[in-house]
Amino acid sequence: MMISNDTGLMAHLLRRAGFGATRDELEKYLALGYEGAVEVLLNPSEPNNMPDDLIRRYHVEQSELRDIAGSAAYWMYRMISTSCPLEEKTALFWHGLFATGYAKLNQARSLLNQVDMFRRSGMGSFEDLLVELSQDPAMIVWLDNIENHGSAINENFGRELLELFSMGIGNYTEDDIKECSRAFTGWTLGNAEYMSIRAAKDSIWPYGRIAWHFDYREEDHDDGEKTFLGETGNFNGEDIIAIIAKQESTAQFVATRLFQFFAADEVTEYGEKAIQAMMETYFSSGYQVRDMLRTLFHSDYFKSEEARYARVKNPVEMVVGAIRMAGSYQNPALGIENVSRNMLFMGQGLLQPPTVEGWHEGSEWIDSGALVERVNFVAKELSNVKSPGVRSIIDRLEAGSDAGILDPDELADGCLDLLGPIEVSEATRSVLVEYAARLGNLDLKDHLQGDLAEQRVGNMLRLVAATREYQLA
Amino acid sequence: MTTNKREKSLIVMQLSGGNDYLNTIVPYAEGKYYDSRTTVNIPQDRVIPINDQLGFNPSMGPIKALWDEGKVAVINGIGYQNPNRSHFRSMDIWHTAEPDTIGKEGWLGRAIRDIDPLGENVLTGINFGRGLPRALACPGVSVASVGDLATYGLFPDVQDEELRMFTLEAFSKMYGGAAGRDPVMDLLGQTGKDALQGADILRTAPGMYSSTVEYAPDALAQNVKSISQVFHANLGAKVLYTQHGPFDTHSGELLSHAKLWNEVAGAIGSLMEDLKEHGTEDDATILVFSEFGRRIKDNGSGSDHGSGGGAFLIGGAVNGGLYGEYPSLAEAEQIEGDLRSNNDFRSVYTNILEDWMGLDAAPIVNGQFEKFDVFKS
């Protein structure tokens, strides 16, 4: 099967900068051209996502945003209905990198506020983003900056800011961690002591969770002289972040992590060139994440064959991608928490990363328990011929056929095309064609919803969803 | 790889939501208990006495019967320093054996890795229920999660059995093929084959099992029945895990707690009867635990999150009895209105790992803990 270069590349871009694309979406982006599509993705406008008032009419728990299941589903609704997928994808990227989890907070809304901050600032200046992160209430509780006092420092946030959020281990000393931590003393929450106790003593909350907000306490801030990465001054947190942001190691870290999330799990020699270019953009643009992503999406590496299918889809991509393709859950559905819980079954619960290190991505997503969950969820979504997205695939197959008749090659290739296009190995393709031949040629003429002809398309889509290639983005 | 040599297995029953230990093992001779629990208490005349101080909740009849046979170890007052009353965090702590920092690996995941370092048996650890409790999660360790044994495997929603077999065959061909093309494709291929093999083997389990024991229809009893089927099929399953709940009894506790314990005690009673019938009573030990206990004072209709719970080890290989001191209800001993645990939960883990599973416990539980001596030597 020949896939036109443009179409294949656009589908690749939308798997990375989005959650994959239906044929309608793909055509819309193709009409803009590659450069136009990249700009639209990088500059989110109105996301047209499912409106809150509609969601709240159906889901009390998504109005309160108190518990983890409802809050995760709330974010999933946003992902499955947004028309600005890179905005959500970038938020997911930062959520995995600045991994903050529900377990310690008991305050789901504070996590969703953090995700909102990622939407707002996640493609702007990395320096500004780190300042916002350092003032983010969920982060302040998660990494104990609430316990970081002028009289006695708590290094948890200071350490992870350098190790996991910016420069990476080996680029600073233990003394730098202490000095960094001193600079963030007094960066806390309003009514911090009480909030801290509430977070540790989770029990019934008859009036709901109490909103958290950032509070700077000058009297608790250590204003003394500090020496950080060779520079000396009476640094406050913003000064420390300004020093972090100008480090080569920070540029390397941010570029590499963006590359691994948006381009390839493994960094090859060729991929290294794209990272170098992103680092240059980091400095030339004043640390702008949007510009780094633009450099990546326009790099030769990103457009090369090597980058295709070079990432294992994470569970969020599996679940959200399948739902967007099937066009299911376009309206609030009771029991939606059980749908979003599938991500957790596959190893990635939204708002509950296992540790501050986030999830181990790439091939670590794959184990036999998780693979069964991945295949079963997507196979079930895409084989449901009642779903609007699947109906649209059936209609397109019929429209593209000779008088409604598809031979086994046409059925297999047509499904691969409309679900991606997805390129598969010759070995995989021959199994798909053999499967398509089970009941001979398919006749879609005068098909009726749910009849055998339609169901045969559903069966074919189920098997395509179960291929090894479908596991990759 | 499967083995026909029967070896010792651990069956874990997690009581999710925070079991009210005060109303489970009831300090019925303590005036302070009735003073604090003015409504949510078990009256003296309804307690099943263990001794003149403590007694079982009246819903625990089948456990009392096993107690009388010397097969129940009641471990009082276990927990950890600086108790955390968050369900998620506290459960994480129990799962990762790491109270101070956020742990990365589950204690049973580590145990499975030690038992089967090459991952030769995809069924060494099995969770009965969807998803994977963190206790079983460990990088490189494959654990099957069985929602329903009868339909476990790929494409459970395909009703037409012929179509399903045809689809599975195609799946098997797609995940076979020559290795060495690409490491990720190879990993996917191997994992797909493992998943199929695991499902094929697991599906044989119910057919290899017969028993006169009738399990109750509730979800826990049905999961425990699946555990028994898999355990008796000799598939090399060493850790079989399930959970039940919700034990988060903030309101209407007396009714809901009784129902839950009826189910837990019933499932344990049926399982032990089943093991006896198969002559395997000495080959499995059941661990029952919860993430925390509940507040000493009730709230009028239920009880709020507390600390200082307890655990149970049950089986033919267990030296029945009371272990660990029951936490004092004296006000001076309380932590902000909660019970103070006397014993670290990792003591129990150490006992199980070393004396039941034959593993080196310290690297799994992150340190040395004085252990109980619950198992018969």
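**Backbone features and packing in a predicted two-chain model**

In this predicted model, B:Pro246 sits in the loop of chain B that runs between strand 8 (239-244) and helix 8 (253-277). The peptide bond leading into this proline, from B:Gly245 to B:Pro246, is cis, and its omega is near 0 degrees. Chain A has a cis bond of its own, from A:Gly420 to A:Pro421, this time with omega near 10 degrees. Here too the proline lies in a loop: A:Pro421 is found between helix 23 (408-418) and helix 24 (426-436) of chain A.

Helix 8 of chain B, which follows the loop holding B:Pro246, also turns up in a helix pair. Helix 2 (residues 61-68) of chain B packs with helix 8 of chain B at about 45 degrees, and the two axes are 7 Å apart. Angles from 35 to 65 degrees count as oblique, so helix 2 of chain B is oblique to helix 8 of chain B. On the helix 2 side, the contact is made by B:Gly61, B:Pro62, B:Ile63, B:Ala65 and B:Leu66. Helix 8 of chain B answers with B:Ala265, B:Gly266, B:Ile268, B:Gly269 and B:Met272. Sorted by class, the residues of this contact come out as seven nonpolar and three polar, with no charged ones.

Next come two residues with an unusual sign of phi. A:Asp446 is not a glycine, yet its phi is positive, near 55 degrees. This aspartate belongs to the loop between strand 6 (442-443) and helix 25 (452-465) of chain A. Is A:Asp446 buried or exposed? A:Asp446 has 9 other C-beta atoms within 10 Å, and because 12 or fewer means exposed, A:Asp446 is exposed. B:Phe155, likewise not a glycine, has a positive phi of about 55 degrees. The loop that holds B:Phe155 connects strand 7 (144-146) with helix 5 (161-175) of chain B. Its surroundings are another matter: B:Phe155 has 21 C-beta neighbours inside 10 Å, and since 20 or more are needed to be buried, B:Phe155 counts as buried.

As for how the chains meet, 44 residues of chain B are in contact with 39 residues of chain A. On the chain B side, the elements giving two or more residues are helix 3 (87-96), strand 7, helix 5 and helix 6 (183-204). Which of them gives the largest share? That is helix 6 of chain B, with ten residues. By class, the side of chain B that touches chain A has 21 nonpolar residues, 14 polar ones and nine charged ones.

Terms used. Residues numbered from 1 in each chain as written. Chains lettered and ligands numbered in written order. Predicted model: local features only at pLDDT ≥ 70, side-chain atom pairs only at ≥ 80, totals over all residues. Helix = DSSP H or I, 4+ residues; strand = E, 2+ residues; numbered from the N terminus. Contact = placed C-beta atoms within 7 Å. Nonpolar A, V, L, I, M, F, W, Y, C, P; charged D, E, K, R; others polar. Axes fitted to C-alpha atoms, helices over the stretch in contact; angles between N-to-C directions. Parallel < 35°, antiparallel > 145°, perpendicular 65-115°, else oblique.
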